[in-house]
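Student: Could you take me through one part of this model up close? I'd like to look at a place where two chains meet, and then see what surrounds it.

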Amino acid sequence: MSGHSHADGVLPHEPEKATLEGRNKVLGFWLFLGGETVLFGTLFSVFIALRDQVNGGPTANELFSLTIVAIATLILLTSSLTSVFAIQAMHRNEPKAMVGWLLVTVLFGLAFLGLEIYEFVEYAHEGHTFAASAFSTSFYTLVGFHGGHVAFGILWISLLIWQVLRRGLTVVTAPKIYIAGLYWHFIDVVWVFIFTVVYLMGKVG
Amino acid sequence: MTAEHATAVEQPKKRVKHEGPKKHIIAYIFSLVLTILAFATVITGEVSVNFVYVMLVLMAGVQVFIQMAFWMHMKDRGHLFPIIGILSGVIIVFTMIIMAVYWAWW
Amino acid sequence: MAHGSHAVKRYTGIMDWLTTVDHKKIGILYLLAGGFFFLIGGLEAVLIRIQLWKPLNDFVSPDTFNQLITMHGTTMIFLAVMPVIFGLMNCIVPLQIGARDVAFPFLNALGFWTFFFGGVLLNVSWFLGGAPDAGWTSYVPLASTTFSDGPGVDYYVLGLQISGIGTLLGGINFLVTIINMRAPGMSFMRMPMFTWASFVTSMLILLAFPALTVGLVALMFDRIFEGNFFDPSAGGNIMLWEHIFWIFGHPEVYILILPAFGIISEVVTTFSRKRLFGYSSMVFATVLIGFLGFMVWAHHMFTSGLGPVANALFSIATMLIAVPTGIKVFNWLFTLWGGSIKFTAPMLFAIGFIPTFVMGGVTGVMLAAAPADYQYHDSYFVVAHFHYTIVGGLVSGLFAGVHYWWPKIFGRKLNETLGKTTFWFFIIGFHMTFLIQHFLGLLGMPRRIFTYLDGLGFNEMNLISTIGAMLMGIGVICFVINVFVTSAKPKHATNDPWEDGRTLEWAIASPAPEYNFAQLPLIRGYDAYWKEKREGNKEMQPAEPLGPIHMPSPSILPFFMSVGLFISGFGFIFHQYVVAGIGLAITLGCMFLRSVIEDHGYHIEPEEIQAKGV
């Protein structure tokens, strides 16, 4: 893979896979997501084991408001779609459209995060603090880990937007954007299980 | 030689057609419908708890499958090792869920 | 030499080692650091055995004894043998698959430095507040603040968390390297066994370490932020820690032993001068062991009251692992059978490995029988079992590998006589120490006790065990002397110093040049180098013309990222959250720099390669 050959100015189709470095990055990130699957899976199993242990505090059914969760779900699901559009714009070699879609994704992410912080503050007022019970500890750890991933994703994608604005879309920046897109989808996938297992099942009892 | 030469770029043999947004919008609508169904099951829920659990997990599973296949391109060629990685993770998570449901309190 | 990209700075001296992204140098760093922690862990073992040599001994206090056994186990597993495995993987795997480099040289360096600073954090506990003393498994409630209110267990939690990050990064790096960077013709079913073992081990690391991460986070939240994961008074569940720990912990023992299996396969074939018997069944067995390794964790918890159904399932799954392991043992024996065997030092370790590991495996099957396990549980029988697999098996395997590949890594062959002396002291001392512990366990001596009464029939056996431990210590000292004696000799190892090398690493200079292969080799079959030698070729056939070689540039960022985590770990241990924040900010700042500074590396031009003599 050494050679100096490089056609200047022409960005290949699927620029994220154009170099060995790019292919390594994408594959490495996929494997990392396999590890993340186990990480969230462990958090989920801990939550499932402890979710009825409310220690006299409010139960899931009393606590959760499905309206906020539904709005948050809609926001994150839509942001996953906008990040798909960003990657498609990248494949068409339209950096401006790509940056636009990435910005929309980041804004949706911020909205989601704001909603989650609001939700946590509300719960804390109702006595559902981190140290209240095994249920609350495992709830905040699981949902908080997800929120932390969203926050990291927002910072990461913002940094990438800045890099693309400075340097343009190249075979170096393209793989970074592609894996950030994968990361964002993964966050949405985890959220699907969170709203199912934590909120909806909590409402059922 | 400029710095850009550091990475070798392989040009595609022929022009490739770019896929349109249609599939992805369909996947979005599917996800949306499944989400609404899941919420509706819980809000209207008159049926037994266990039935609702099974329905919820199934709907979440289908939604995640659609998103991974289309949005994360796992259905495309060259994704053997991503599939192996994610699937192995899922198998291990599966055993851990069994642990949490059946063994943690014994 | 007209190219601008040559302006990249190449450091020398200590800065070279701090900034290196060369997998061979990182491998040497891993071997050095792992060797250092191995000596510390070994010293702790000797102190434990001195305390136990006679009844009612007061050589160390009970508290110190608890710290010693905890730190001995933790150090040996996470800071000694794992890094030595990573060291050998770093030095050898890219050479075996015909790659110029690993997939992520920067992450590789980061992996080393996080491991190293995690290990240092764990060990400074001896001087600042007391070492962890809740056992290497750190079971709650013993490890909760109620019963361990000093900072000891916090050191355990944060030290392992930080070094675990490094291990995970290393695992991903090797998976991608092996999948994406194989030379032309090197198909999966032509890969040497050590590479296969490294591949499966890396997969296990990827899937097991996140579970440990969550377990340690939960314990940390319980201890530092008053969480309730493991606090029964607030609804927590202490069994949960055991489950999470062993969901990680059982794959971990296969993470350890599989590379040793790989090493033994390489050494046995080389010195039997025969093709490995049953290569494809070996690959199959390795993958199967990796898979089954995840399905047996609860056999560590038979006596915790899981109930007959769970106990029976895990009992059967555990016994199943004996099948692929048996396949491996028979394949080694059939490889030896009819071979023209050379008894070199690495071969002695490999031959010592086979029966010793089989003994550990047999007691493993005994322990897998759940009803019988109620008798063995928490006795010295268990101690004897896992030392047979991990010391008699794994450490012998690592000694075999280190002796075997030393010339390839350092350019000098270790002294054979001293190597054989090491082997005899080690193996005799080992069996003297641990064979007798089976009987101590069956007589009823519990593990993890700091002393015992006179007149229980334990005295003589403990004395013999302690003498054995001293012999093992002498063996290790022989090895250290060997290292020093050898490093004073000139570097004149040939490409193929054992003369019977079969795999690709023996086709290039010892030590390998920084770009490994001037021209990527063309692989025409399993045992690629052996095949060329059979056909009268002295070298591998090139798969490409001589051209400029792209190299990654060195970087100090991995070092500072790890320093940041180290500082942050201290902040959490002593509840100084500003310090913790500063540490994390350093790490995130370095990540930011890494992302924005575009680094294209540099090229080594053909003239330079030829000047070095290809």
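Tutor: Sure, and let's fix the criterion before counting anything: two residues are in contact if their C-beta atoms, placed from the backbone, lie within 7 Å. Keep in mind that this is a predicted model. With that cut-off, 35 residues of chain C are in contact with 33 residues of chain A. Now stay on chain C's side of that contact. Several elements of chain C each supply at least two residues there: helix H5 (152–180), helix H6 (193–224), helix H7 (238–272), strand S1 (549–551) and helix H18 (577–596). The most comes from H6(C), with eight residues. As for chemistry, the residues on this side of chain C split into 23 nonpolar, 10 polar and two charged.

Zooming out along chain C, the UniProt record, an unreviewed entry, lists residues 11–524 as "domain: Cytochrome oxidase subunit I profile". Over that stretch of chain C the chain is 68% helix and 0% strand, and its end C-alpha atoms sit 38 Å apart.

Chain B is worth a glance too while you have the model open. Chain B has three helices and zero strands, so to speak an α-α-α pattern when read along the sequence. Of its 106 residues, 27% count as buried. The domain assignment cuts chain B into domain 1 (18–75) and domain 2 (78–106), and the C-alpha centres of those two domains of chain B are 20 Å apart.

Technical notes. Residues are numbered from 1 along each chain as its sequence is written. Chains are lettered from A and ligands numbered from 1 in the order in which they are written. This is a predicted model: local features need pLDDT of at least 70, side-chain atom pairs count only at pLDDT 80 or more; totals for chains, interfaces and linings use all residues. Helices (H or I, at least four residues) and strands (E, at least two) are DSSP runs, numbered from the N terminus. Ala, Val, Leu, Ile, Met, Phe, Trp, Tyr, Cys and Pro count as nonpolar, Asp, Glu, Lys and Arg as charged, and the others, Gly among them, as polar. A residue is buried if 20 or more other C-beta atoms lie within 10 Å of its own, exposed if 12 or fewer, and partly exposed in between; C-beta atoms are placed from the backbone. Domain bounds come from an automatic or database domain assignment. UniProt positions are given in the numbering used here, feature names are shortened, and annotations may be inferred rather than shown by experiment.
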